[in-house]
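Please open the model in your viewer and keep the sequence beside it, since this tour moves from one selection to the next. Choose a display in which side chains can be switched on and off.

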Amino acid sequence: MNILVIEDNQSVCSMLEMFFIKEGFQGTFFHNGLEGYKHFMNNKYDMIILDWMVPDLDGITVCRKIRETDKGTPIIMLTAKDTESDQVLGLEMGADDYVTKPFSPLALIARIKAIRRRNSNVEEVRTNAIIKLDKETREVFMYNRPVLGLTPKEFDLLAFFVQHPKQVFSREQILQQVWGFQFYGDDRTVDVHIKRLRRKIGRDSQPFLHTVWGVGYKFDETVVVHEN
């Protein structure tokens, strides 16, 4: 697994490099946001670990600029900013996960593995010939038209709901199933992603994702057919 790390703290980079070697990951490290962004635009990576407060081009700007052209590469924000508003902003800009410092390197490795596992295990799913998810290209089609702009986490979240039609899930259950057991964020993360998905796939006449007040959310389609 080839991971790009944009982090200006040398100690953090050294620690991550040590754990990456143990896991068989290949890490490329940049301590400057602008240099890291330019490098990414000319190279292919499986994942990005991105610190918020890096020099020249801050992490949130790097995340936003990457998402303008790349919707598929997972991004984990690694930062000392730990307020709810900071977390929401990071997710709104397209980050898939948000890890606050100080952090456990083992927990970070677990999140990396969870994202990789989800990306490799998503099945192709069709629901009533309205929504189709393609596991190979991680593309989504609605009424045979592509749905553009989904982040990797939004794709995973939609795939989870499509495979569990009409089932009601609490925010805590969604965090465990989509983000993984090791996710320590609050349930506001789920609300942010649901809001973004509704904007991208919802219609006034057929919103698909419904709030079940006092419980959580459900996907409202009835028939789901799995395709091989």
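**A walk through the cores and a central strand**

In this predicted model, begin by selecting Ile 131, Leu 158, Phe 161 and Ile 174, which, among the 27 residues of the largest nonpolar core, touch the most other members. Next, colour the elements that each supply at least two residues of this core, namely strands S7 (131-134), S8 (139-142) and S12 (216-219) together with helices H6 (152-162), H7 (171-179) and H8 (188-201). Pause on H6, because as the definition of these elements lets us count by helix and strand, H6 gives the most to this core, with seven residues. Now move to another core, which lies apart from the largest one and has 19 residues, including Tyr 37, Val 62, Ala 95 and Tyr 98.

Then select strand S3, residues 47-51, and ask how many of its five residues are buried. Five of the five are buried, so that, with buried meaning under 20% relative accessible area, the strand is mostly covered. Show its side chains, and you will find Met 47, Ile 49 and Asp 51 buried on one side, while Ile 48 and Leu 50 are buried on the other.

With S3 still selected, add strand S1 (residues 2-6), which runs parallel to S3 and is joined to it by four bridges; here Val 5 stands opposite Ile 49. Add strand S4 (residues 75-79) as well, which pairs with S3 in the parallel sense, also over four bridges, and look for Ile 76, the bridge partner of Ile 49 in S4. Finally, include helix H3 (residues 59-69), and trace the right-handed β-α-β unit that S3, H3 and S4 make.

Notes:
Residues numbered from 1 in each chain as written. Predicted model: local features only at pLDDT ≥ 70, side-chain atom pairs only at ≥ 80, totals over all residues. Heavy atoms only, no water. Core = buried A, V, L, I, M, F, W, Y, C linked by side-chain atoms within 4.5 Å. Buried < 20%, exposed > 50% of the residue type's maximum accessible area, 1.4 Å probe, protein only. Pairing = 2+ DSSP bridges. Right-handed = clockwise from strand over helix to strand, strands pointing away.
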